[in-house]
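I have a fresh page open and a few things to look up around the ligands. Come along and check each entry against the view below.

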Amino acid sequence: MGTFKVNYRQDTALFQTLWVKVWLGILVVLLIVSPIFLSRYQISILNEMGIAVIGALGLNLLTGFTGQISLCHGSFLAIGAYTSALLTSKLGIPFWLSFPLSGLMAAALGMIVAVPSLRLKGLYLALGTLAFGFIVEYVIFHWGLTKGDMGMAVRRISIYKFAFRTEKQHFYLITGFAAIAVISAKNIARSKIGRSFVAIRDRDIAAEAMGIPLAKYKVMAFAVSSFYAGVAGCLMAHYQKWIVPGNFDLSVSIAYIAMIIMGGLGTILGSVLGAILITGIPHGIVYLVDIFKESYPGLSGFIVDFKLGLFGLVIVLALLFEPKGLFGIYWRAKIYFKTWPFKY
Amino acid sequence: MAVLKDAPDYQLEVEDVSISFGGIRALNNVSLSVRRGEIYSIIGPNGAGKTTLFNCIGGLYRAQKGSIKFEGKEILGKKPPEIARLGIARAFQNIALFEGMTVLDNLMSARIYHSNYGLLRAAVYLGKCMSEEVRNRDKVEEIIDFLDIQAIRKTLVGSLPYGLQKRVELGRALAMDPKLMLIDEPVSGMNLEETEDMARYLLDINEEMKVTVVLVEHDMGLVMDLSDTVTVLNFGLKIAEGSPKDIAANPEVIRAYLGETDTREEEMV
Ligand SMILES: Nc1ncnc2c1ncn2[C@@H]1O[C@H](COP(=O)(O)OP(=O)(O)OP(=O)(O)O)[C@@H](O)[C@H]1O
Ligand SMILES: [Mg+2]
């Protein structure tokens, strides 16, 4: 077999084939024009999805890539949300500054949560993160500044003189941030840092023997993951303009786990697909309930309670039938079409 | 076989190393010295403590007593990544590849000490990050060519047959650019052809890439052909050391080890 020159820069390129570029171009155009055709409610769903994409990328880097289970992802969204809410309203700090600060605050606390992960694994780590989640919830409930159950008003986003008011305006901002989040996460994943994360997940002892310092990279995984959650929480707070502790409770952490399991653990695309799906499900249900509301009047109350159970069910079913998630389905479809019409 | 200078230039010196697990004395005052550039084999029956010795050198286990020096520096007590950084690489007995990664990424992951960019640069993947990734890729591709695994570079290692996984395991250790390699049973479970290929690789690594090789292996043919020095462990004790010829003729070794080769080879499979 002869050796031929390969251009490695090209081989590591983010978007490798023409087809990927074409599809991506179509997606970008669609995203830019879609608000023109969609209703306010529909755009609000896309906004919710965009924020979830950022949060899900963070959790997937930690759980899917590095193999560290976290049951407190919602708490890092809370930390980002309340940090930015307090900074902007109490100290008058502008959004462009409070946005990164909310991520950094979450990252700093994430590094503290990482400390037990250096000793604990699996279920024990999950319990540790659960405990951290309860502490955060307790603080938000009882700290005077955050106003507990009553909730907190949050300023609208304004960058220099421009204030974001409409769904449409928020859509472009959130989608822009989501795109940056996707690209940066993909870059981290394909760098030495992403490889070290996966190495730790797959074989931590071999990773160490290869020269990968476990502690450093586990702490980094928690920090990066919490940073994404923090900025997602910040966006959520300013977008909703009102936050209550219930926005960030355990069910939110579970929903994020459902996203990455459903989408595909350890893949960037999977995080995006899972976030879209899990955010979309409740709206889909509301849509169906609207149709059947006349014949079954008690349905809507039941659905609210049903949501969490549904995510639990989604997790179990995904684990049972498609452990690689939507990404696995996408992957098989891609291979199928690549080789079509041949079976193999 | 490497040509050795007369004055011994010891690269790795293990002195009086002991370690116990509960009641089991896995290593009992083991001493050995590996010269720079040689192929040094450690043999012995199952459970003799060979892998444990590798774990002590690599820092995965901490010897309870003794001293381990690499290039004159004490490494006992150092953490595995620090020891790796000094230039000691390890290929594991029970394949310990990163299953969820491609062959290429497995090898790339061993280049951690040859890339210096940080998190922020990785997130934008520009400048130093890009240039170092390309440089590391060049180096890894050399190894891929050397091991003749071009066709599987984008394959997930978990789906590869055993023999190829062993080869990738060797490649990953090689990708670290080590000065000394600890290679634990590279040909166990391999057929004759695969064994011959592996022997070729080991020789090339030693002679052309100038890497000192410390080998643990049950395949006596391979050990006798390749080694400059052979040490025999039995129940955690070093019972002999010498040239392959001396070892093959040593009565104590024959009693402890060679006499029961037949039964062991069945266990190995
Ligand atoms: N982590 C551990 N905990 C308890 N006992 C251990 C541990 N590691 C090794 N041992 C024991 O130490 C002894 C030596 O084991 P080791 O794996 O070093 O043998 P070996 O020479 O590599 O054998 P083989 O040829 O089968 O690979 C065995 O009795 C083993 O059970
Ligand atoms: Mg062994």
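Entry 1, ground rules. I call a pair of N or O atoms a polar contact when the two lie within 3.5 Å. I also keep in mind that this is a predicted model.

Entry 2, polar contacts of ligand 1. I looked up B:Tyr61 and found a polar atom of its side chain 3.0 Å from a nitrogen atom of ligand 1. That distance of 3.0 Å fits the 3.5 Å cut-off. For B:Gln93, I found an N or O atom of the side chain 2.9 Å from an oxygen atom of ligand 1. With B:Gly47, the backbone supplies the polar atom, 2.9 Å from an oxygen atom of ligand 1. I then checked the cover: ligand 1 on its own has 640 Å² of accessible area, and the protein covers 66% of it.

Entry 3, the shell. How many residues surround ligand 1? I noted 15, and the closest include B:Lys50, B:Thr51 and B:His218. By type, I have seven polar, six nonpolar and two charged residues in this shell. I asked myself which element gives the largest share. My note says H1(B), with three residues. Strand S2 (24-35) and helix H1 (50-58) of chain B each contribute at least two residues to the shell.

Entry 4, the magnesium ion. Which protein atoms are donors to ligand 2? I wrote down OG1 of B:Thr51 and OE1 of B:Gln93, at 1.9 to 2.1 Å from the magnesium ion. B:Thr51 belongs to helix H1 of chain B, while B:Gln93 sits in the loop between strand S6 (88-91) and helix H3 (103-109), so the two donors tie together parts 42 residues apart in sequence. I looked up exposure as well: B:Thr51 is partly exposed because its relative accessibility is 25%, and B:Gln93 is partly exposed at 23%. Both calls rest on the band between 20% and 50%.

Entry 5, a look at B:Ser109. I found this residue in helix H3 of chain B. Is B:Ser109 buried or exposed? I have it as buried, because its relative accessible area is 3% and buried means under 20%. Its side chain reaches the backbone oxygen of B:Asn106 at 2.6 Å. Setting aside residues up to four places away in sequence, I listed what B:Ser109 touches: A:Arg195 and A:Ile212 in chain A, plus B:Phe98, B:Met101 and B:Arg172 in chain B.

Definitions and conventions: Residues are numbered from 1 along each chain as its sequence is written. Chains are lettered from A and ligands numbered from 1 in the order in which they are written. This is a predicted model: local features need pLDDT of at least 70, side-chain atom pairs count only at pLDDT 80 or more; totals for chains, interfaces and linings use all residues. Side-chain values use heavy atoms; hydrogens and water are left out. A residue is near a molecule or strand if one of its heavy atoms lies within 4 Å of it. A polar contact is a pair of N or O atoms within 3.5 Å; within protein, one must be able to donate a hydrogen and the other to accept it, and residues adjacent in sequence count only if both atoms are side-chain atoms. Accessible areas come from the Shrake-Rupley method with a 1.4 Å probe; for residues, only the protein chains shown count as cover. Helices (H or I, at least four residues) and strands (E, at least two) are DSSP runs, numbered from the N terminus. Ala, Val, Leu, Ile, Met, Phe, Trp, Tyr, Cys and Pro count as nonpolar, Asp, Glu, Lys and Arg as charged, and the others, Gly among them, as polar. Donors are N, O and S atoms within 2.8 Å of the metal (3.2 Å for Na, K and Ca); water is not among the atoms, so sites may look incomplete. Buried means under 20% relative accessible area, exposed over 50%, partly exposed in between (1.4 Å probe, protein chains only). Contact means heavy atoms within 4.5 Å.
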